[in-house]
Amino acid sequence: MAVTTAQIRDLLNRPRGLNEGTINEYITIRTAEINKKARASGYVGVTTNAPTDALKDSAIKFLVCADCLRVLIDTVPAWVPEKEQGTQDIRFNQQLKSLEKQALEAIRAIEEKGGTAFKVK
């Protein structure tokens, strides 16, 4: 299953001011990044515990949502009336902190940095 722009919009509660092209570009960038970082089943010692496609898709979604929220925070003044800007800014910043934390956990699960691919007696 591939990550779609509709899924990203749903995760972000369909915000105003987020272009389809922006989401597509971030999906492309983050998909390549995750595929590069993910442990593959062909590596030595990685057999049954290689990351699944669902886990990779989850990491991509978290990263793309965080990227899109950064774009929204930077462009809030362009599409939100001045009275609402403070509320939107606070909400987007809180969502961004949460998504960045979840994205980092998802990437760590995919990479398993510090793990070894061999067995020591």
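**Exercise 1.** Determine which pattern the chain follows when read along the sequence.

*Solution.* The structure is a predicted model. Step one is to count the elements: the chain has four helices and zero strands. Step two is to place them in order, which gives α-α-α-α along the sequence.

**Exercise 2.** State what share of the residues in the chain is buried, and what share of the accessible surface belongs to carbon and sulfur atoms.

*Solution.* The chain has 121 residues, and 36% of them are buried. Its accessible surface comes to about 7800 Å², with 54% belonging to carbon and sulfur atoms.

**Exercise 3.** Describe the surroundings of Arg30, and decide whether Arg30 is buried or exposed.

*Solution.* First, locate the residue: Arg30 lies in helix α2, which spans residues 20–37. Next, apply the cut-off for burial, under 20% relative accessible area. Arg30 has a value of 15% and is therefore buried. Then list its partners. The side chain of Arg30 makes a polar contact with the side chain of Glu33 at 2.5 Å. Beyond its neighbours within four places in sequence, Arg30 touches Ile60, Leu63, Val64, Asp67 and Arg70.

**Exercise 4.** Explain why Cys65 and Cys68 do not form a disulfide.

*Solution.* A disulfide is a covalent bond between the sulfur atoms of two cysteines. The cut-off for the sulfur pair is within 2.5 Å. For Cys65, the closest cysteine sulfur is that of Cys68, at 6.6 Å, so the pair is too far apart for a bond. The structure accordingly holds zero disulfides. Both residues are nevertheless buried: Cys65 has 1% relative accessibility, and Cys68 has 0%.

Key
Residues numbered from 1 in each chain as written. Predicted model: local features only at pLDDT ≥ 70, side-chain atom pairs only at ≥ 80, totals over all residues. Heavy atoms only, no water. Helix = DSSP H or I, 4+ residues; strand = E, 2+ residues; numbered from the N terminus. Buried < 20%, exposed > 50% of the residue type's maximum accessible area, 1.4 Å probe, protein only. Areas by Shrake-Rupley, 256 points an atom, 1.4 Å probe, with all protein chains shown as cover. Polar contact = N/O pair within 3.5 Å; in protein donor to acceptor, adjacent residues only side chain to side chain. Contact = heavy atoms within 4.5 Å.
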